[in-house]
Amino acid sequence: MSETPNPAAIEMRGVSVGAMRDISFRVVEGVDWSVAAGEFWVIAGQQHSGKSDFLKMTAGLMTPVRGSYNLFGVETQTFGEAELAERLRVGFVFEGGQLFNHLTIRENVALPLQYRQNLAYDAAAQAVQPLLELMELAPLADITPPNISDNWRQRAALARALILKPEALLLDNPLGRLGGRHLQWWLRFLDRLWRGHDWCVGRPMTLVVTTEDLRPWRNANRKYALLRDKKFFPLGSWNDVESANDPVLKELLAVPLETTI
Amino acid sequence: MTLCYAEAVRGNLAKAFKLMDTQLFRRAALPKSYTDFLGRKLFLFLLTVQGLAAFALITLGVILRKSGVARNVIRPRIRQEIARAGVALLPLFLFVALALGFLVIGQTVSVLARVGATEYLGTTMVIVVVRELGPLLAAMLVLARVGTAHVIELGTARAMGEVEALEALGIDPVHYLIVPRVIGMAVGVFSLTVYLIIGALASGYLFAFLQDVPLTPGDYFRELVGALGWLDFALLALKTIAFGFFIAIVTCYHGLAQPLRLEEVSRVAVRAVSQGVIVCVLIDALFILLYLVA
C-alpha cells in the first residue's frame, strides 16, 4: 500500500513580500517554499532581513505582492471573512509578544476564545486556567503585561496563540529576548508541541520560527532556511547548514563577538 | 473580515486614497504661488474627506453586519465607552451647565425682563441653548476630553503592533476597537447634551432669580415649553448622535487607519482635534439648514 504524502500546510510559488508599513517596498522576492504538515522549520536571517514581514505574510496577515501562496490548500489572495477559519489554523507569536497592555494576562489569553466562541468572561477565564498553569503563568494571571518581564510576556503571547489550538504555529524570533532558564523551557516546550502535546490533543504541530542565532535551534529533525539579500534560500537539514559556505550563515552560527574595553 | 480590514487600511487608504502622495504633499517645498498653495490644501482636504467617508462607511457596515457577533465581548466594551464618554464627564458638565447658566442665560433673562421682552424668552432660549450652544458645547467638551484620548490610545496601539495582534487572532479591529467607541460617544454626547441643557436653563433662572428679575418659575418654564416643538427634540437627538458618531470617526480614523510611529501620535492627535472641530461646525451648519427648511 502506498503511503499518502502529508498535505502541504504552506505552499509558495514565486512569492514576493512587501513591508508591513509600506507594501510597495519589497523585503523578500521570488520565494518557492513548501512546508509539509508536521515539519519544523527554522528561518535564519540578520536584523532587518525581512523575517518578520515574511512570517506575517506566511500567517496570512497580508497578501503576497506577487506569486501564489496556498495556506492549507487555500489561496491567500482571496482570503476574506469566509476563509477566516482556515487562517486561524495558524497561530502567530509576535516578537516581544504584542500583548494588549490594558488587559491582564488572563484576559489577554482569554480574549481570542471569548471573541471567537462568544463566551462570557467567567467561562473563558475558566477555560484558559489549565493553559495558564501549563505555561506557569497562573501566578501572574491578574497582572497587566507592562508589569511583568519580557520572558513572561513572551510566554503569555505563546499561550494566547495556543488558546485556539492551531495546527501550525509561526513564531517570530521567540528566543530573542529570553534569559537562560526561559530559553531552555521554550526549546523543550516547542519540541513537545512539534511531537504532539496533550494541549493540542496529541496532534503533531507544524512549526516555523525565525531567528538571528541558529545555535539554540540545532537539531537533526529540523529544516533550515536563510533570508539574505531579499532572497529566500531553503537549506535543508542541520548538516547542510554546517557545510554551507555562506558568510552570513557563518555569522548566524558564530558565537557573538563581545565588545571589550 | 480581518484581512478585508487590513486591505481597507493598506489598500484603500494607501492606494485608492493615495495617502503616500498625501505625505509627499505635506513634505513638498513651499508653494510658489497662492494658487498652488490653495490647490494643495484643497487636494489634501478632499483626500481627508474621502478617507473619513470610507472609514465611516466601513464602521457603519461593521455595526450593521456584526451586531450579533461576540456580544459577550463587545457589549461590556460599549458599556465601558458609554461610562467614559458619558457618566465620567457628568461632574465637568454640571460645572459647565452652572457656568453657562450664570454667565449667559441668566444675563439674557435679566436683560429681556428689564426691557419687557419676556415673550421672546422661550424662543431665544430654544435657539441659543437647545439648538446651538448646548449641543455644540457638549460636542467640543467630549472631543477635548475623550476624542484626544481615542487618538492617543489607538495611535499607540497601532504603533505597538496591537492591531496586527488582533488581526492575527481573528478579531476584527474595527469591531473590537472602533464600534464600542463610536456607539459610546454617540450615546455620551446625546445624554450629556440633555443634561447640559437642563442644567444650564435651571441655573440660568437661578441667576436671574438672584438678580430679582420679576419672572416666576412657572412663567419661565411655560415660555420655554411653548417655544419647543417636536422638531427640536427630533433634530436635537439626530444632531447630537451625529456629533458623537463623527467625532469618534475622525479621532479613530487618525488613531487607527494609518500606520504610525510613537513620535507621530501627538502630532496626529492635534490634527484629529482640529478636524473634529471643523466636522462639528459643518454638521451644525447642515442642521441650521434643516431648521430653516423645516
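The paragraphs below lead through a predicted model with two chains, A and B, beginning with the sheets of chain A, moving on to its domains and its contact with chain B, and ending with the helices of chain B.

A good place to begin is the sheet of chain A in which six strands lie in the order E6-E7-E8-E3-E9-E10, an open sheet whose pairing is mixed. At its two edges are strand E6 (90–93) and strand E10 (231–236) of chain A, each of which pairs on one side only. If you follow the sheet from one strand to the next, you will find a twist that averages 20 degrees. Within this sheet, strand E3 (residues 40–45) of chain A and strand E9 (residues 223–228) of chain A pair in the parallel sense, and five bridges join them. One place to look for this pairing is A:Ile43, which stands opposite A:Ala225 in E9(A). The sheet also carries a helix, for H5 (residues 150–162) of chain A packs on it and touches both E6 and strand E7 (168–171) of chain A. The direction of H5 makes about 165 degrees with that of E6(A).

Chain A holds another open sheet, this one of four strands in the order E2-E1-E4-E5, and here the pairing is antiparallel. Its edge strands are strand E2 (26–36) and strand E5 (74–75) of chain A, each pairing on one side only. Inside the sheet, E1(A) and E4(A) pair in the antiparallel sense over five bridges, and in this pairing A:Arg13 has A:Ser68 in E4(A) as its bridge partner. Strand E4 (residues 66–71) of chain A also pairs with E5(A), again in the antiparallel sense, over two bridges. These can be found residue by residue, since A:Asn70 stands opposite A:Glu75 in E5(A), while A:Leu71 has A:Val74 in E5(A) as its bridge partner. E4(A) and E5(A) form a hairpin with two residues between them, and in that turn A:Phe72 has a positive phi of about 50 degrees. This sheet, too, has a helix against it.

Which strands does helix H1 (residues 51–58) of chain A touch as it packs on the sheet? They are strand E1 (8–18) and E2 of chain A, and the direction of H1 makes about 130 degrees with that of E1(A).

Stepping back from the individual strands, we can consider how chain A is divided. The domain assignment gives domain 1 (8–89 + 166–252) and domain 2 (100–165), so that domain 1 is written as two stretches of the chain. The C-alpha centres of these two domains of chain A lie 24 Å apart. Where the domains meet, 10 residues of domain 1 are in contact with nine residues of domain 2. On the domain 1 side of this contact, the residues divide into seven nonpolar, two polar and one charged.

The next step leads from chain A to chain B. The contact between them takes 22 residues from each of the two chains. On the side of chain A, the largest share, four residues, comes from helix H3 (residues 105–117) of chain A. The residues of chain A that touch chain B divide into 14 nonpolar, five polar and three charged.

In chain B, helix H10 (residues 230–256) offers a useful thread, and three of its packing partners can be compared by geometry. Two packed helices are described by the angle between their axes and the distance between the axes. Helix H6 (residues 121–159) of chain B packs against H10(B) at an angle of about 20 degrees, with the axes 8 Å apart; H6(B) and H10(B) are therefore roughly parallel to each other. Their crossing is right-handed, and their contact has 15 nonpolar, seven polar and five charged residues.

Helix H8 (residues 173–210) of chain B meets H10(B) at an angle of about 145 degrees, with the axes 8 Å apart, and this crossing is right-handed. Among the residues that meet here are B:Leu177, B:Met185 and B:Phe190 in H8(B), and B:Ile241, B:Phe245 and B:Cys252 in H10(B). The residues of this contact divide into 17 nonpolar, four polar and one charged.

How, finally, is helix H3 (residues 34–65) of chain B placed against H10(B), and at what angle? The two pack at about 105 degrees with their axes 10 Å apart, and H3(B) and H10(B) are therefore roughly perpendicular to each other. The contact is made by B:Gly51, B:Leu52, B:Phe55, B:Ala56 and B:Thr59 of H3(B) together with B:Ile249, B:Val250 and B:Tyr253 of H10(B). By class, this contact has six nonpolar, two polar and no charged residues.

Terms used:
Residues are numbered from 1 along each chain as its sequence is written. Chains are lettered from A and ligands numbered from 1 in the order in which they are written. This is a predicted model: local features need pLDDT of at least 70, side-chain atom pairs count only at pLDDT 80 or more; totals for chains, interfaces and linings use all residues. Axes are lines fitted to C-alpha atoms, for helices over the stretch in contact, and angles run from 0 to 180 degrees between N-to-C directions. Angles under 35 degrees count as roughly parallel, over 145 as roughly antiparallel, 65 to 115 as roughly perpendicular and the rest as oblique. A crossing is left-handed if the near helix is turned anticlockwise from the far one by less than a right angle, and right-handed if clockwise. Ala, Val, Leu, Ile, Met, Phe, Trp, Tyr, Cys and Pro count as nonpolar, Asp, Glu, Lys and Arg as charged, and the others, Gly among them, as polar. Two strands pair if DSSP finds at least two bridges between them. Two residues are in contact if their C-beta atoms, placed from the backbone, lie within 7 Å.
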